[in-house]
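This report walks through one protein chain, from single residues to overall fold. Keep the sequence and the 3D view at hand.

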Amino acid sequence: MSARPLRGLLEKIAACNAWEPGAFVPLVARGVQLGSLRHTAAEALRAWPRAFQVTTTAVEWIDAPATFAGRTAALEAIALTLCEQGLLPDRQDEWYPVTASGPATAWCLIDRAWAPFFGMRAFGQHLNGYVRTARGLEMWVARRAADRRHYPGRLDNLVGGGLPYGLGLAENLRKECAEEAGMAAELADRALPVGAVTYCRDAELGLKPDVMFCYDLELPDDFQPRCTDGEVESFERISLEEISTIVRETDAFKLNCNLVIIDFMIRHGLIPQDDPDYIAIVQGLRSPLPASTVP
C-alpha cells in the first residue's frame, strides 16, 4: 500500500478530532475540569447564579452538593430545565459517569444524551469480529437501522455501544454482544482487550471527548450474527482489504468506527511501519482529551 492512499485514513482521524479549543471554556468543580462548554452553553448556565460562576474563561460549579447522589440530582434538575427550553434533547435513561479520568473516579452521573452539551467524557466498547480464511482476514460489519438517532444506515463495527455506569467492562461487553450480534456469553468472553481509542470532536450538541475500549474476537467460520435489539438492519462479512478501501475512500462507516478499524489494521499489518504517515496515524488514534486537573 503506497503512502498516498493512507492520507484517507488521516482524514478520517482528523474528522473525529475537529474542534477549536477557543470555542469552549472548561467546566470546573473543586479544581477538577469535568467538561468543556460552548460559549453559548456557558451563557445558558447564568440562569443558575447560585450554582455556577460564569466568566469568559471558565464556568465553576460553586455550590456542588457534598454527596455523589446530591450532585447527580442537582445536575439532572438543571438538565431537565434545559430540556424544557429546547437546549437539550430528551433523556436516554442511560447514566454515564462524570469524570476527568476513568469511570471508577466518577464525581456524579449524567444522562448519555446530555453529556455532549457539557462536554463530558463518554465511554464505549467496540468489538472487531473477524474470521481467518484461506483468502485472508474477513471482518463482520453491521449496517445500522434506518431509525437510529445517529448515523442511520451507516456501516458499524460488529458490536459497539456505550458503557453505562454500574456495569463492568466484561459484563457490558457480554450484554452488547448478545443484543447486537446474538452472541453467546461464552464466545463473547473470548474477546481480547486491545487497548482504547480516544478522540475529541465538536458535535451538534457540544463537545465529545470520548474513549472507546477496543476488542478483537476471532470468530468461527460458521458464525452468523443476529441482532436482537433492532439497532442493526443487516450484517455482511467483508475482506479486510475491501474494508480498508471503504474506510480510506468513502464515508460509509459511522465516523468513530473508522478509528476502531484503523487500529485493527495497524495491529494486523495492513499499515506498514515504514509508511511516511504511520506515526501520525498511530498518534492520531489516541488524541489527548481536554478534561483534566486544573492547575
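## Arg91 and its surroundings

Arg91 is partly exposed, because its relative accessibility is 27% and that class runs from 20% to 50%. The model is a predicted one. Arg91 sits in the loop between helix 3 and strand 5, the latter spanning residues 95–98. Setting aside residues up to four places away in sequence, Arg91 touches Glu76, Leu80, Asp111, Ala113 and Trp114. One of these partners is Glu76. Arg91 and Glu76 are 15 residues apart in sequence, and their C-alpha atoms are 10.0 Å apart in space.

## The chain as a whole

How many helices and strands does the chain have? There are nine helices and 13 strands. The C-alpha atoms fill a box of roughly 65 × 40 × 30 Å along the principal axes. The radius of gyration is 20 Å; a compact globule of 295 residues would have one near 19 Å, so the chain agrees with that expectation.

Burial comes next. Of the 295 residues, 51% count as buried. The chain exposes about 13,300 Å², and carbon and sulfur atoms supply 52% of that area. Contacts reach along the sequence: among those between residues at least 6 apart, 66% join residues at least 24 apart.

Charge is also counted. The chain has 29 positive and 39 negative side chains. The centres of these two sets lie 3 Å apart.

## Two nonpolar cores

In soluble globular proteins, nonpolar side chains tend to be buried together. The largest nonpolar core here has 34 residues. Phe52 and Phe118 have the most contacts inside it. Helix 3, residues 68–84, gives the most to this core, with five residues.

Which residues does Phe118 touch, beyond those up to four places away in sequence? They are Leu27, Gly35, Ser36, Leu37, Leu45, Leu75, Leu82, Leu88 and Ile110.

Another core, of 33 residues, lies apart from the largest one. Among its members are Val141, Ile262, Ile266 and Tyr278.

Helix 8 covers residues 255–267. Is helix 8 mostly covered or mostly open? Mostly covered: twelve of its 13 residues are buried. The buried residues include Leu255, Asn256, Cys257, Asn258 and Asp263. Ile262 and Ile266 are also buried in helix 8, and both belong to the 33-residue core. Just after helix 8, Gly269 takes a positive phi of about 80 degrees.

## Two strand residues

Val159 lies in strand 10, residues 159–162. Its relative accessibility is 0%, so Val159 counts as buried. Outside residues up to four places away in sequence, Val159 touches Gln125, His126, Leu127, Glu176, Cys177, Glu180 and Ala181. Val159 and Gly8 are 151 residues apart along the chain, with 24 Å between their C-alpha atoms.

Glu236 is placed in strand 13, residues 232–239. With a relative accessible area of 44%, Glu236 is partly exposed. Leaving aside neighbours within four places in sequence, Glu236 is in contact with Met139, Trp140 and Val141. Of these partners, Val141 is also a member of the 33-residue core. Glu236 and Cys108 are 128 residues apart in sequence. Their C-alpha atoms are 40 Å apart.

## Positive phi outside glycine

Most residues other than glycine have a negative phi. Arg30 has a positive phi, near 50 degrees. Tyr151 also has a positive phi, near 50 degrees. Where do these residues lie? Arg30 is in the loop between strand 1 (24–29) and strand 2 (32–38). Tyr151 is in the loop between strand 8 (136–144) and strand 9 (155–157). Arg30 is exposed, with a relative accessible area of 54%, whereas Tyr151 counts as partly exposed at 24%.

## Accessibility side by side

The table gathers the residues discussed above.

| Residue | Relative accessibility | Class |
|---|---|---|
| Arg30 | 54% | exposed |
| Arg91 | 27% | partly exposed |
| Tyr151 | 24% | partly exposed |
| Val159 | 0% | buried |
| Glu236 | 44% | partly exposed |

Definitions and conventions
Residues numbered from 1 in each chain as written. Predicted model: local features only at pLDDT ≥ 70, side-chain atom pairs only at ≥ 80, totals over all residues. Heavy atoms only, no water. Helix = DSSP H or I, 4+ residues; strand = E, 2+ residues; numbered from the N terminus. Rg over C-alpha atoms; globule rule 2.2 N^0.38 Å. Buried < 20%, exposed > 50% of the residue type's maximum accessible area, 1.4 Å probe, protein only. Contact = heavy atoms within 4.5 Å. Areas by Shrake-Rupley, 256 points an atom, 1.4 Å probe, with all protein chains shown as cover. Lys, Arg positive; Asp, Glu negative; His and termini not counted. Charge placed at Lys NZ, Arg CZ, Asp CG, Glu CD. Core = buried A, V, L, I, M, F, W, Y, C linked by side-chain atoms within 4.5 Å.
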